[in-house]
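Thanks, everyone, for making the time this morning. I would like to take you through one model, and I will try to keep strictly to what can be read from the coordinates.

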Amino acid sequence: MNFGQAVSSVLSKYATFSGRAPRSEYWWWVVFSVLLNWVTTFLDTALFGTFALVHFGDMSYVGAADVFTPLSTIVGLALILPSLAVGARRFHDLGRTGWWLLIGLTGIGALVIFFWFMVKGDTGPNRHGPDPLDRRPV
């Protein structure tokens, strides 16, 4: 699966938590999300000044409440659901339930998820559906 196919697949399954996602789909989605975040941060800075970038998150700064990053905020909110969905489908490809995403809320859990998402998924069908990399006609 290439970059365009992966992004198209994730967006077409915007809130679909069932099925399986291969490694390539998940990691191309991560690349897309990071690139889009960089672009929106750049646009926020270009449109609303360097204040948005330089002082973002610095609550000790007097004007910290005035941080204005509307594009990054909107895009970030729009990408939460498909990111969770592709993460759940990635766990399904490993034969695990999508609820394992919750361990990412712990520090060490994020590292475990990072490792698991680099592992090849189950070969052949599993309880979550057919192998997404199986190219045989159905």
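Let me begin with the salt bridges, of which the count comes to 3, and please keep in mind throughout that this is a predicted model. One of them joins the side chains of R20 and D93, with a distance of 2.8 Å from N to O. This pair connects distant parts of the chain, since R20 sits in the loop between helix 1 and helix 2 while D93 belongs to helix 4, and the two are 73 residues apart.

That loop also holds F17, which brings me to the surface. F17 is part of a nonpolar patch there, together with L11, Y14, L77, I80, L81 and L84, and the accessible area of these residues together is about 610 Å². Helix 4, residues 70–93, supplies the largest share of the patch, namely 4 residues.

Now to the packing of the helices on either side of the loop. How do the axes of helix 1 and helix 2 cross? Helix 1, residues 3–12, and helix 2, residues 23–48, have axes that come within 8 Å and cross at roughly 90 degrees; the two helices are therefore roughly perpendicular to each other. On the side of helix 1, the contact involves F3, A6, V7, S9, V10 and L11, and these meet S24, E25, W28, W29, V31 and F32 of helix 2. Sorted by character, the residues of this contact comprise 9 nonpolar, 2 polar and 1 charged. L11, I would add, appears both in this contact and in the surface patch I described a moment ago.

Key. Residues are numbered from 1 along each chain as its sequence is written. This is a predicted model: local features need pLDDT of at least 70, side-chain atom pairs count only at pLDDT 80 or more; totals for chains, interfaces and linings use all residues. Side-chain values use heavy atoms; hydrogens and water are left out. Axes are lines fitted to C-alpha atoms, for helices over the stretch in contact, and angles run from 0 to 180 degrees between N-to-C directions. Angles under 35 degrees count as roughly parallel, over 145 as roughly antiparallel, 65 to 115 as roughly perpendicular and the rest as oblique. Contact means heavy atoms within 4.5 Å. Ala, Val, Leu, Ile, Met, Phe, Trp, Tyr, Cys and Pro count as nonpolar, Asp, Glu, Lys and Arg as charged, and the others, Gly among them, as polar. Patches are made of residues with over 30% relative accessible area and no salt bridge: like charges are joined within 9 Å, nonpolar side chains (Val, Leu, Ile, Met, Phe, Trp, Tyr) within 5 Å. Accessible areas come from the Shrake-Rupley method with a 1.4 Å probe; for residues, only the protein chains shown count as cover. A salt bridge is a side-chain nitrogen of Lys or Arg within 4 Å of a carboxyl oxygen of Asp or Glu.
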